[in-house]
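Let's walk through this structure together, one part at a time. Please keep the sequence and the 3D view at hand as you read.

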Amino acid sequence: MQDEIQQLFEERLARYQATIALEPTDRMIVGGTGSNYFAEVYAGYTRQEIMYDINKWMAAESKFAEDFPEIDLLRSGRIWAPIFDSVGFKLYRLPGRDLPKDTDFQFVEGEWMKADEYDLLINNPVEFLIEHRLPRVLGELKERGSARSYMAFLKGGMAYMLMAQVMRERALNLEKKHGLPQPFQGVMLAPFDTLADGYRGLQGIMIDLFERPDKLLEACDALIPDSVSCAIATANPLKQYPIFMPLHRGNHPFLSPKQFDTFYWPSLFKAIMLLIEAGYTVRAYLEGDWTPNWHHWNEFPRGKIICDIDNKADISRAKKEIGNNVCLAGGILDRMFIFGTPEEIRSRVKELCETAGRDGGLILNGGCGIPYSTKPENFRAYVNATLEYGKYSDTLRPKVKKVPPPSVGKIPSPRVITPWEVKLREFGGVMGDETLIKGVWETLEQRAFCWLRFWDW
Amino acid sequence: MAQLTDLAQALVDLEKDRVNAIVEDKLKRGILPLEIVKELNDGMIEVGERFASCEYFISELMYSSHIMKEILVRLEPLFGQTDLRESGNMVIIGTVKGDIHDIGKNIVVTLLKNAGFRVTDMGIDVPAERFVEKLKETGAKVLGLSCLLNVAFQEMRNVVDTLTRTGIRDHVKVIIGGQPTDEKVREYVGADYYASDAVAGVKICKEIYGQ
């Protein structure tokens, strides 16, 4: 039984990897969404229960995997909410806490970095985060130096490790019990989005585009190494899954094409290239409408990226314009899952399998996810139709890709706050094996820095 | 459109320093704040036109609003009792209950104001009953419902049902908009119009009021 599940896991993973690589596969991926909101609530739990109770979250995923055993990938909820409470993170409103328990969690817009803090962010990000930004976004730090604020750092660090454990348990449950791989692991924001979402906020960034363009550009570049190293720290160590990138302000018409080309793209391109050179693939949500900007995705090496196309853009046009270089996901409007009929879904799946998906490189999905209020019969129709019309070959059996060799020299070194050399001097040298002490010291330092960046969004 | 004044043109060109300098100069010369605002409004209308024709983007739209807001803060103490907002056709707008996103809605509000509408922005997470109260209180003929999340479809439908239940459905035209909406969603919700983007929303408002 365990061998069968393992085999199923490998088949699915290999199919997913081949799809991303734009290589031939036996059939189209089923249920290959990165954000299966429907799976969260399908078992009947509230959104609050899923976000707060890991057992219910795992039970919901198991129930979904059992009722839809044909799906190839599964990732439901995004976050274990207690980590937000541990430090009083202000960037979200949560179901059951400050929203009714069956409402979606939602992002709160705000200005969390001042316009005159660019130089500090660029030159001393640790001081910027610890002294300026975190006390604004983490409510528990508001009384600096108080017992409560020290406890918040402690609880936040513990919650961070607990959440990593929760995520591992979920992934293992899906892999070992249901043979299901993850659609991605690890996350990175575009440097511009880091500034636009959780630092300067939309209003601030729009002013900075005109009033301090040089600083904005310099900050985008300065964010690259830490963004990349923190993404890798949370990514799949075997590089089996893509790294997730929800992309926001490349959405037309936020920026003019010139602004996109100048401010948004160059730093994102550099960051993604570093990940690709390090042997990773990337799954980018092109949220909103990226039509005027998506031609840039042709600049990457072929078969390394999957782009999710949102409701507002046309998947067939995307396929024509970038589908030879990147894999795509999307094509079924959210509203079709919500109040369409099984016949409509079936006919849409058939149409896409015969057109944009005919030669592979396409995963049928809603707009960057499967909506919460999807009708079960519509999801069932989508699964059945994809299996029926999305077949490419009876004989092909893709193999799981070998772990790419570690790249040399290109991956930015993770940042540390107190380098080992400083600590070693303070020790006045060590009497035994230095590497034993140094290795753990640096690992904890690096994790702690990524914790500071965890609150970016 | 008539030739823009230097001040209006400076705003359209997004040259904040020039806008400030011209405003200060006008004030020194004793020109009434209301006259200054009128010129700036002409500039904002032109910015809205450029946005509609895809010559400008949200970045330019927001930056022009930022310049305008700073000038209004500067001029406010000089206005006395004059109320600038006492004219124009009225639009009530808000993000429906369960959704706290407002970027799209705010863009529509900016464009509507640029186009001379009197807008009551109800904000985010607005329950159906509050829309009804405001519509009754103001007698506005247009209600704009915004959302980003697809779970809001049900709530939009609830707003339309509440308008019917409270007997004011026939007096109000309902426009829906937001990232996941389309014509099918409009049918489901029972709204009168679907606005595919902010510019379309303004056009629909003009059409309803016969402008």
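Chain B of this predicted model is assigned two domains, with domain 1 covering 6-78 and domain 2 covering 90-208. If you place a point at the C-alpha centre of each, domain 1 of chain B and domain 2 of chain B sit 28 Å apart. Where they meet, domain 1 of chain B contributes nine residues and domain 2 of chain B contributes six residues.

Which helices build the domain 1 side of that contact in chain B? Look at helix 3 (33-52) and helix 4 (58-75) of chain B, each of which supplies at least two residues there. Helix 3 of chain B has the largest share, six residues. In character, this side of domain 1 of chain B has seven nonpolar residues, two polar ones and no charged ones.

Now turn to the place where the two chains touch. Here 20 residues of chain B meet 26 residues of chain A. On the chain B side, helix 4 and helix 8 (183-189) are the elements that give two or more residues. Helix 4 of chain B gives the most, with five residues. You have already met helix 4 of chain B, since it also supplies at least two residues to the domain 1 side that touches domain 2 of chain B. The chain B residues that touch chain A comprise 13 nonpolar, five polar and two charged.

Next, the interior. In soluble globular proteins, nonpolar side chains tend to be buried together. The largest nonpolar core here has 193 residues, and those touching the most other members include Ile243(A), Met245(A), Leu275(A) and Cys307(A) from chain A, along with Leu11(B), Leu112(B) and Met156(B) from chain B. Take Ile243(A) as an example: leaving aside residues up to four places away in sequence, Ile243(A) touches Phe184(A), Gly186(A), Val187(A), Met188(A), Ala231(A), Ala235(A), Leu275(A), Tyr280(A) and Val282(A). One of these, Leu275(A), is itself among the residues of the core that touch the most other members.

Finally, follow helix 8 (residues 147-178) of chain A. At 1.5 Å a residue, its 32 residues should span 46 Å, and this agrees with the 45 Å between its end C-alpha atoms. Which residues of helix 8 of chain A are buried? They are Ala152(A), Gly156(A), Ala159(A), Arg170(A) and Leu174(A). These buried residues pack against helix 4 (54-67) and helix 5 (82-87) of chain A. Just after helix 8 of chain A comes Gly179(A), with a positive phi of about 65°.

How values were computed
Residues numbered from 1 in each chain as written. Chains lettered and ligands numbered in written order. Predicted model: local features only at pLDDT ≥ 70, side-chain atom pairs only at ≥ 80, totals over all residues. Domains from an automatic or database assignment. Contact = placed C-beta atoms within 7 Å. Helix = DSSP H or I, 4+ residues; strand = E, 2+ residues; numbered from the N terminus. Nonpolar A, V, L, I, M, F, W, Y, C, P; charged D, E, K, R; others polar. Core = buried A, V, L, I, M, F, W, Y, C linked by C-beta atoms within 7 Å. Buried ≥ 20, exposed ≤ 12 C-beta atoms within 10 Å, placed from the backbone. Expected span 1.5 Å × (residues − 1).
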